[in-house]
Amino acid sequence: MSVEDANRVWHGRLEHIRGAGLSSDTAQTAGMRRFEAISGATVGSSKLWMGRTDVAPATNSGDHHHGEAETAIYVKSGHPVFVFADGDQEIRIETEPGDFVFVPPYVPHREENPSPDEEAVVVIARSTQEGIVVNLPSLWATDGVAGDAECAPDGGTA
């Protein structure tokens with residue numbers, strides 16, 4: 001790295017994104033609302049996407065995955081349930097504020113908010129600078145996962 005490049009990095013600037021200024025102009029899934037804070041579009045990040053997701057009371061998101069991105073989730077409020085498939089079974093992770101959930105790349109899942117009156121809010125960080133969302137017809141669908149049809153219980157998309 002040249003001295004000039006080192007100075008550019010050393011003298012880079014921090015970016016401040018106010019919570020009230022988050023954008024919903026990002027990929028969406030039925031039943032939830034994503035708000036983008038940190039991304040290539042908002043701050044020029046190249047390896048990170050971060051934002052907030054709100055799930056209304058008594059609502060489930062659609063089934064989806066986030067492509068090649070690893071996803072870390074922090075539960076800010078509410079008691080969201082994260083659902084994924086293990087073989088032919090649905091596995092449910094029931095959470096509470098302060099919990100963290102890790103979603104590996106390409107793993108189909110959905111968020112559920114079983115509360116009749118409390119919104120669930122989570123903070124999301126992804127290992128890509130864009131908010132990749134591949135909406136699916138089911139947890140067993142293999143859309144967007146080349147060569148993984150054998151992973152579905154019936155050998156194809158469900």
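This is a dialogue on how to read the strands, the cavity and two residues of a predicted model.

Trainee: Where do I start, and how many helices and strands does the protein chain have?

Mentor: Start with the inventory of elements, then their order. This model is predicted, and its protein chain holds two helices and 11 strands. Read from the N terminus, the order of elements is α-β-α-β-β-β-β-β-β-β-β-β-β.

Trainee: In which order do the five strands of the open sheet stand?

Mentor: Sheet order is read across the sheet, from neighbour to neighbour. Here the order is S1-S2-S10-S5-S8, with antiparallel pairing.

Trainee: Why is one side of S1 and of S8 left without a neighbour in the sheet?

Mentor: Look for the partners of each strand. Strand S1, residues 33–38, and strand S8, residues 100–103, are at the edges and have a single partner strand each, so one side of each has no neighbour in the sheet. As for the angles within this sheet, neighbouring strands are turned by 25° against each other on average, with direction ignored.

Trainee: How many bridges join S1 to S2?

Mentor: Count the bridges, then pick a residue pair to fix the register. S1 and strand S2, residues 49–55, run antiparallel and are joined by five bridges. For the register, take Arg33, which has Asp54 of S2 opposite.

Trainee: Which strands form a hairpin with two residues between them?

Mentor: For a hairpin, read the pairing and then the turn. S6 and S7 make up this hairpin, and Gly87 in the turn has a positive phi of about 65°. S6 covers residues 81–86 and S7 covers residues 89–94; six bridges pair them in the antiparallel sense. One pair to locate on the model is Val81 with its bridge partner in S7, Glu94.

Trainee: What other strand is joined to S6, and by how many bridges?

Mentor: That is strand S9, residues 109–113, which runs antiparallel to S6 and is joined to it by four bridges. Val83 and Arg110 of S9 stand opposite each other in this pairing.

Trainee: Turning to internal space, how many cavities of 30 Å³ or more does a search of the whole structure find?

Mentor: Take the count, then the volume, then the lining. The search finds one such cavity, and the largest cavity holds about 40 Å³ of space. Among the residues that line this cavity are Met32, Arg34, His64, His66, Thr71, Glu111 and Arg126. The elements that contribute two or more residues to this lining are strand S5 (71–77), S9 and strand S10 (120–126).

Trainee: What classes of residue make up the lining of the largest cavity?

Mentor: By class, the lining has three nonpolar, five polar and three charged residues.

Trainee: Take Thr71 from that lining: is it buried or exposed?

Mentor: Compare the relative accessibility with the cut-off for burial, which is under 20%. Thr71 has a value of 2%, so it counts as buried. Thr71 is part of strand S5, and its side chain makes a polar contact of 3.2 Å with the side chain of Arg126. For the protein chain of 158 residues, 37% count as buried.

Trainee: And Lys76, buried or exposed?

Mentor: Exposed requires over 50%. Lys76 has a relative accessible area of 53%, so it is exposed. Lys76 is also placed in strand S5.

Trainee: What separates the C-alpha atoms of Lys76 and Pro97?

Mentor: Set the distance in space beside the separation along the chain. These C-alpha atoms are separated by 5.1 Å, while Lys76 and Pro97 are 21 residues apart along the chain.

How values were computed: Residues are numbered from 1 along each chain as its sequence is written. This is a predicted model: local features need pLDDT of at least 70, side-chain atom pairs count only at pLDDT 80 or more; totals for chains, interfaces and linings use all residues. Side-chain values use heavy atoms; hydrogens and water are left out. Two strands pair if DSSP finds at least two bridges between them. Axes are lines fitted to C-alpha atoms, for helices over the stretch in contact, and angles run from 0 to 180 degrees between N-to-C directions. On a 1 Å grid over the protein atoms alone, a cavity is a set of points where a 1.4 Å probe fits but cannot get out, and a pocket is an open set with protein on both sides within 12 Å along at least five of seven lines; lining residues have an atom within 4 Å of a point. Grid points are joined across faces, edges and corners, and a volume is the space filled by probe spheres set on the points. Ala, Val, Leu, Ile, Met, Phe, Trp, Tyr, Cys and Pro count as nonpolar, Asp, Glu, Lys and Arg as charged, and the others, Gly among them, as polar. Buried means under 20% relative accessible area, exposed over 50%, partly exposed in between (1.4 Å probe, protein chains only). A polar contact is a pair of N or O atoms within 3.5 Å; within protein, one must be able to donate a hydrogen and the other to accept it, and residues adjacent in sequence count only if both atoms are side-chain atoms.
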